[in-house]
Amino acid sequence: MTTKTKTTAKTAQASAAPGSDGSAPMAELLLQAARHLEAASLWRIFSHRKLDGDAIGSATALFEAGVLQGKHVIWMGPDPVPPSYCFLPHTEEYVARKEHSFDSESGLYVFLDSANEDRGVKGLHGRAPRAFILNIDHHEDNTRYGTLNCVDPSASSTSELIWRLMTAAGWPITAGIAECLYTGISADTGGFVFSNTTELTYRAGADLVARGASPMKIDTAMRQTRSLAGMRLWGAALSRLTCWGQDLQFAMTWLSREDFERTGALSSDTEMLVNQPLLIRGVRFAVLLTEEEGGSEVKVSFRSKEGTVTASTVARSLGGGGHPRASAAILAQPLNQAMETIRKSVDDAYAEWVSAGR
Ligand SMILES: [Mn+2]
């Protein structure tokens, strides 16, 4: 598409706020992104490791939009799509591969929901100077690695940004796309209730329901359908929850490789598990440690509520990152040692938070 439509923030979607990197307003950036997509015949979409609902929802929606526009679309990432999301269209076209190299001098590469390139497929660092990287994300700590960066931390989810992009560009939102985007938004907002949920999130949700997304069908598929193995895995983790600190506001639990082997659960069965300790009265900060395959690394997930140190503060102190209230880090330590490290990091960060006057 060659039209040089100058669409201002006012004529596009509700977001008139300047781009978080101080560039053009987000609505204009999203429109630019749409123009680049329209101009390319091949879309390569990348998702981050340990795909979550938002990564899958945004990618499948974009996949369908590409097919509708007659594009050749490929979608890949390092890990498989978890079974709870296989009800979405186009998940069968996803290709799981650990490595991928730039196969074109000047092609279009779309990264969704990925704060940095390392979150995605390896091998994309030697990119040709003319390769065009479109980076669409809502992580505050996004490194702006793209040629065009549509990074808006005020957005609930990457799926919400894709909805804004499609709406601003006037692309048709089919029932299939609506289902994908609703799923992504619902996944990142805990069903439209987390603190990242805004009025615009609900407007997106309402629009997507009007276009055919079924909240009940989606919630049943993604949140209310668990495997017996996955349930037993949750049981193991919940049975060993420990709380500590001022008013027992910190909660921690863990899963070893042995837990996965014994129960037969998948690594994707841990999704949303870390939110459960926050149901305990008084708990404001939750930690889940998961021993990675091979046993040399531990993935640590953090969640926080108001009134305590934020999850991202602790994650960053350990070399990780994420959103203020939902973040993660990887520790190259055995499980037992990692638990001690985490406890100390949480205590230190909390002490600092208290002494800083909160
Ligand atoms: Mn997300």
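Biologist: How many helices and strands does the secondary structure of the protein chain come to?

Modeller: The chain has 10 helices and 12 strands. Keep in mind that this is a predicted model. Of its 358 residues, 46% count as buried.

Biologist: Let's start with helix α1. How do you know that the span of helix α1 agrees with its 14 residues?

Modeller: Helix α1 covers residues 26–39, and at 1.5 Å a residue it should span 20 Å. The expected span uses one less than the number of residues. The end C-alpha atoms are 20 Å apart, so the two values agree.

Biologist: Which residues of α1 are buried, and what do they pack against?

Modeller: Among them are M26, L29, L30 and A33. The buried residues of α1 pack against the strands β1 (42–47), β5 (132–137) and β6 (148–151), and against helix α3 (158–169).

Biologist: Those strands make me curious about the sheet. In what order do the strands β1 to β6 stand, and which are at the edges?

Modeller: The order is β3-β2-β1-β4-β5-β6 in an open sheet with parallel pairing. At the edges are β3 (94–96) and β6, each pairing on one side only. Neighbouring strands are turned by 20 degrees against each other on average, direction ignored.

Biologist: What makes β4 and β5 a pair?

Modeller: Pairing needs at least two bridges, and five join β4 (residues 108–112) to β5, so these strands count as a pair. As an example, Y109 has I133 in β5 as its bridge partner. Helix α3 packs on this sheet, where it touches β4, β5 and β6.

Biologist: Why are α2 and α3 called roughly parallel?

Modeller: Their axes cross at roughly 25 degrees and come within 8 Å. Angles under 35 degrees count as roughly parallel, so α2 and α3 earn that description. The residues that meet include G57, A61 and A65 in α2, with S159, I162 and M166 in α3. By class, this contact has five nonpolar, four polar and one charged residues.

Biologist: And why is α3 called oblique to α4?

Modeller: Helix α3 and helix α4 (residues 175–189) pack at about 140 degrees, with axes 7 Å apart. Roughly antiparallel would need an angle over 145 and roughly perpendicular covers 65 to 115, so the pair α3 and α4 is oblique. Here I162 and W163 are among the α3 residues that meet L181, G184 and I185 in α4.

Biologist: Now the other sheet. What makes β7 and β11 edge strands?

Modeller: The open sheet of six strands runs β7-β8-β9-β10-β12-β11, with mixed pairing. Both β7 (242–244) and β11 (321–322) have a single partner strand, so one side of each is left without a neighbour in the sheet. For β11, two bridges link it to β12 (residues 326–331) in the antiparallel sense. In one of the bridges, G321 is the partner of A328 in β12.

Biologist: Which helix packs on this sheet and touches β8, β9, β10 and β12?

Modeller: That is α10 (residues 335–355), whose direction makes about 160 degrees with that of β9. Helix α7 (residues 228–239) lies across β8 and β9, running at about 135 degrees to β8.

Biologist: One last residue: why is D348 called partly exposed?

Modeller: D348, found in helix α10, has 13 other C-beta atoms within 10 Å. Buried takes 20 or more and exposed takes 12 or fewer, so D348 falls in between and is partly exposed.

How values were computed: Residues are numbered from 1 along each chain as its sequence is written. This is a predicted model: local features need pLDDT of at least 70, side-chain atom pairs count only at pLDDT 80 or more; totals for chains, interfaces and linings use all residues. Helices (H or I, at least four residues) and strands (E, at least two) are DSSP runs, numbered from the N terminus. Two residues are in contact if their C-beta atoms, placed from the backbone, lie within 7 Å. Axes are lines fitted to C-alpha atoms, for helices over the stretch in contact, and angles run from 0 to 180 degrees between N-to-C directions. Ala, Val, Leu, Ile, Met, Phe, Trp, Tyr, Cys and Pro count as nonpolar, Asp, Glu, Lys and Arg as charged, and the others, Gly among them, as polar.
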